[in-house]
Structure formats: C-alpha cells, structure tokens
Amino acid sequence: MKRRSATLLSLFAVVLLGLTPVQAYAGERLIVRTSSLLDGLTVVRSACRILGCQVLYGLDGTLGKLFLVELPPLLDADLAVSLIDALPGIAGAEIDLKGSTLAAVGTTVPAALYDDEPVHYYGATVRGGYARQPAAEIVGIAETQSQYRLSGQGVTVAIIDTGVDPSHPALQAVLLPGYDFTRNRSGGSERSDVNQSTVAVLDGAQPGFVNQSTVAVLDQSTVAVLDGPDYAAFGHGTMVAGIVHLVAPQARILPLKAFGADGSGYTSDVLRAIYVAVHDGAKVINMSFSFSTQSRELERAVDYATDRGIVAVASTGNDGRRVDVYPASLSTVIGVASSTDWDTLSDFSNYGPSVAWIAAPGEAVVSTYPFGTYAAAWGTSFSTPFAAGTAALLAEVSRHINESLAAEAEGQGVWISNEVRKGRLHAPTAVRAWRTRLGLP
C-alpha cells in the first residue's frame with residue numbers, strides 16, 4: 001500500500017514540477033535520512049529524480065545516511081516532506097530551519113573593560129579585566145586552577161558558532177584549524193565575514209557599542225563598519241572561545257563555523273558540525289545558539305555525540321520567557337541560563353526547569369574579540385562557555401566523565417531560583433563533586 005501511495009504522490013510531484021526546469025534550484029532545503037539497510041546516496045538521488053530536487057551533500061560524515069537536498073522553487077516544503085517521506089528507502093525528512101546566536105541587550109560599559117593592565121595568563125599576555133573580571137571570581141576559576149592544578153590540558157572543546165579569530169594572541173596557542181560550514185572550506189575564522197581592507201584596530205582605541213549586546217575596545221571607524229544587522233553577531237564565536245579559554249586555558253579549541261555574522265545558521269550546518277566534532281575527538285561541545293522548533297535530526301546528532309562520552313552544553317536563549325528552546329531542552333544537553341553578578345536570574349534569560357539545568361554569569365562578561373582586542377557582552381551565549389570550560393576541567397580529572405556525570409557535578413552549585421533546575425555554576429564545587437565520586441581526595 002505504501003509503495004502505491006508513493007507512486008501516486010510521485011506522479012503528482014512530477015506534474016507539479018513540469019512547470020519549472022529542474023535545473024533551476026532556488027527553493028527551500030530538506031534534511032533527509034535514508035534507511036540503514038540501503039546505500040544512502042543512491043536512495044536520495046533516486047528520490048530527487050522523482051521530485052526534481054538536488055542532492056547537495058551529506059551531513060553525517062562517513063555514516064552516509066543523512067543528506068541535504070534543495071527543492072525547486074514551486075514545490076512547497078511541507079508538501080515535499082510528505083512526498084519524500086513516502087518514498088522507498090527514506091527513513092525521514094524535515095525542513096532545514098534557521099537558528100540564532102543573537103545575544104541580549106547590553107547596558108553600560110563595565111569597569112573591567114577599562115582594565116587594560118597586561119597580565120600573564122598561561123603563556124599569553126591578556127588584559128587584566130579579562131583575567132580577573134567579576135564573572136571569573138563568581139564561578140571560582142582561579143580557585144579551581146590553583147587548588148586542583150587544572151587547566152583543561154589534553155581536552156578538546158568544539159565551539160559551534162560564528163567562528164573564532166585565529167590570530168587573537170590569547171587564543172592562538174590552543175586553536176585547532178576547524179572548519180567553515182557556511183562556505184564549505186577548511187578553517188573556522190570569524191574574520192572571513194568582514195572586509196579586511198575596511199576594518200582595522202588602531203592604538204588608543206576606546207570601548208564602544210558595536211551592536212545592542214556587545215561593547216568592544218575598537219576605534220570608532222571599526223565600530224561604524226560593524227554596526228548593522230549584517231554584523232549583529234560578529235565577534236560572538238571569538239567571545240565564546242575566550243570564555244572557554246578563561247576557564248580551561250590549556251584546552252584545545254575546535255572552531256566549527258555554522259553561523260554567519262548576522263547570527264543566523266541552518267540546522268544542517270549544525271548537524272555537520274556535531275558529527276565533525278565527534279570525528280575530531282572533541283570531549284565537550286559548546287552550543288551558544290537556539291532553535292525555537294525541535295528537530296529530530298538535531299536530537300539524533302546530539303545523542304550520537306553524548307552516547308560516545310561527549311558533554312554537550314547549550315544556551316537557553318534571551319527572550320526572558322519560560323519556554324523550551326533547542327538543543328538546550330534536550331535531555332542529553334546541559335542547558336545554561338544567565339545569572340547576574342548578584343546571583344539572581346537575568347531579566348533577559350529564558351528559564352524553566354525543562355530548559356535551564358544550571359545558570360552562570362551572563363552580564364557584561366569580558367572576553368576575547370576579533371582583531372586581537374576584547375569586548376563585553378550580555379546573554380546566555382556567554383553563560384554557556386563557563387559550563388563548557390568547567391566540563392573540560394572535569395574531563396581533565398578523568399576522561400570517563402560524560403554528559404550525565406558532568407551535569408550532576410556542575411549541578412552542585414549555588415541555588416538562585418526555582419526556575420533553574422539546579423543552581424548557579426561554581427567550578428570548584430563541581431570538580432570536588434567529581435573527584436569525590438571517583439574516590440579522589
């Protein structure tokens with residue numbers, strides 16, 4: 001019966017697509033999973049010959065069962081999902097949706113951003129306001145590093161984001177090459193999103209808002225270039241990487257660029273990044289972004305990673321609502337909300353026990369920024385890497401840490417609200433809990 005229905009649906013699709021040359025592709029995209037019993041590429045190519053779509057590339061690395069296809073412009077995406085899902089050898093299909101890395105609204109320039117005293121930090125010279133900012137003291141970074149001699153050494157943290165500036169002096173020693181999924185090429189540089197001839201950082205630069213959520217130490221001409229919707233999330237990935245580095249300064253950082261400078265990115269690129277993170281040996285995956293709609297394939301990819309011992313951490317989003325977002329709401333992900341420096345939930349942070357496992361500081365957090373400079377930003381995006389960095393420290397104690405064990409350890413923090421399932425992250429307490437479980441002093 002299914003085969004007959006599929007044939008009828010296919011004939012309908014062929015009639016519909018007869019109005020447009022099949023060589024013209026400008027429609028939406030679908031994520032298509034094929035049966036594990038058949039050759040995936042052959043199956044999806046056969047499906048596209050029927051529907052008039054085009055196979056772009058695989059999404060699951062060497063597994064060969066997940067593909068991205070582009071639809072012709074006259075074929076409705078929801079209809080296409082139904083049509084392709086009914087064909088033999090197809091295990092499922094979903095629309096390739098867009099998510100966002102956009103941060104919250106900032107207020108004033110924090111005092112820490114004016115602290116430009118050079119400080120030696122694990123082989124690099126950094127700004128004092130970065131190394132000794134309030135958020136670092138709240139999370140207990142210095143205490144963890146000194147008491148337990150932990151630095152994240154030997155652990156790889158994959159950062160799925162807008163990319164990372166590979167030339168930043170604070171990050172150069174720990175950055176791996178990475179990959180840019182938005183351009184399908186090696187390297188995860190964030191600076192590829194700007195015109196290098198028009199952006200330059202001058203000596204004597206002062207802090208200034210480059211968008212509603214980020215205040216950076218840049219000259220005014222650079223601020224003007226970056227001010228606009230096309231660059232609303234520029235610097236996001238470099239800042240996330242800087243916070244991971246602050247917590248776990250010797251952890252290797254794998255930049256996986258799945259989002260553009262405007263903060264938008266496709267589910268398909270996130271999926272590719274997760275599978276690459278697993279393949280490249282990441283122990284922690286930081287996901288400072290959110291999708292409002294649940295994706296079965298995103299859940300499947302996260303499960304694929306966590307089943308292999310990877311700790312997945314994601315932000316709850318910045319709508320100030322009690323709402324589920326993904327991947328933070330998935331059961332195998334540590335969802336991180338934002339807290340103030342006074343241990344209350346940030347007004348902008350999404351909340352609720354189904355999405356927020358823990359909280360971490362997310363207001364005026366100072367971190368690395370492209371062009372070798374520093375910035376402060378607001379948002380759950382910048383709370384999340386505190387948890388990812390702490391997970392790297394836990395993995396340094398023992399590689400047997402996994403998502404559930406890391407969640408349990410990081411949940412032994414400071415209570416701040418019933419809207420956060422556990423509490424505010426405190427790294428020394430998390431490490432102590434993990435060591436106690438292992439029977440270590």
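# A tour starting at helix α13

Select α13 first: Ala427, Pro428, Ala430, Val431, Trp434 and Arg435 are buried there. Buried means under 20% relative accessible area, exposed means over 50%, and partly exposed lies in between, with a 1.4 Å probe and protein chains only. These buried residues cover an arc of only 160 degrees around the axis, so they sit on the same side of α13. The arc is taken from the directions that run from the helix axis to the C-beta atoms.

This is a predicted model, where local features need pLDDT of at least 70, side-chain atom pairs count only at pLDDT 80 or more, and totals for chains, interfaces and linings use all residues. Numbering starts from 1 along each chain as its sequence is written, and side-chain values use heavy atoms, without hydrogens or water.

**Stay on α13**

Show residues 427-438, the 12 residues of α13. From first C-alpha to last, α13 reaches 17 Å, close to the 16 Å expected at 1.5 Å a residue. The expected span is 1.5 Å times one less than the number of residues. Helices (H or I, at least four residues) and strands (E, at least two) are DSSP runs, numbered from the N terminus.

Now turn to the face away from the buried side. Thr436 and Arg437 are the exposed residues there. Turn back and add α5 (134-139), α6 (141-148), α11 (380-397) and α12 (403-410): the buried residues of α13 pack against them. Contact means heavy atoms within 4.5 Å. Step just past the end of α13 to Gly439, where phi is positive, about 80 degrees.

**Next, a helix pair**

Select α9 (residues 267-279) and α10 (residues 296-306). Their axes are 9 Å apart, and the packing angle is about 10 degrees. α9 is therefore roughly parallel to α10. Angles under 35 degrees count as roughly parallel, over 145 as roughly antiparallel, 65 to 115 as roughly perpendicular, and the rest as oblique. Axes are lines fitted to C-alpha atoms, for helices over the stretch in contact, and angles run from 0 to 180 degrees between N-to-C directions.

Show side chains. From α9 come Val270, Leu271, Ile274, Tyr275 and Val278; from α10, Glu297, Leu298, Arg300, Ala301, Val302, Tyr304 and Ala305 meet them. This contact divides into 10 nonpolar residues, no polar and 2 charged. Ala, Val, Leu, Ile, Met, Phe, Trp, Tyr, Cys and Pro count as nonpolar, Asp, Glu, Lys and Arg as charged, and the others, Gly among them, as polar.

**Then the loops**

Go to the loop between β16 (311-315) and β17 (334-339), where Pro327 is found. A cis peptide bond joins Tyr326 to Pro327, with omega about 15 degrees.

Move on to the loop between β17 and β18 (358-361) and pick Asp343. Asp343 is not a glycine, yet its phi is positive, near 55 degrees. Asp343 is partly exposed, at 23% relative accessibility.

Phe371 comes next, in the loop between β19 (365-369) and β20 (373-377). Phe371 also has a positive phi, about 75 degrees, without being a glycine. Is Phe371 buried or exposed? Phe371 is buried, at a relative accessible area of 12%.

**Last stop, then zoom out**

Select Arg45 in helix α2 (residues 40-51). Arg45 is partly exposed, at 47% relative accessibility. Draw a distance from its C-alpha to that of Val69: 9.3 Å, with the two positions 24 residues apart along the chain.

Show the whole chain: 13 helices and 20 strands. Of its 441 residues, 60% are buried. Among contacts with a separation of 6 or more, 74% are between residues 24 or more positions apart.
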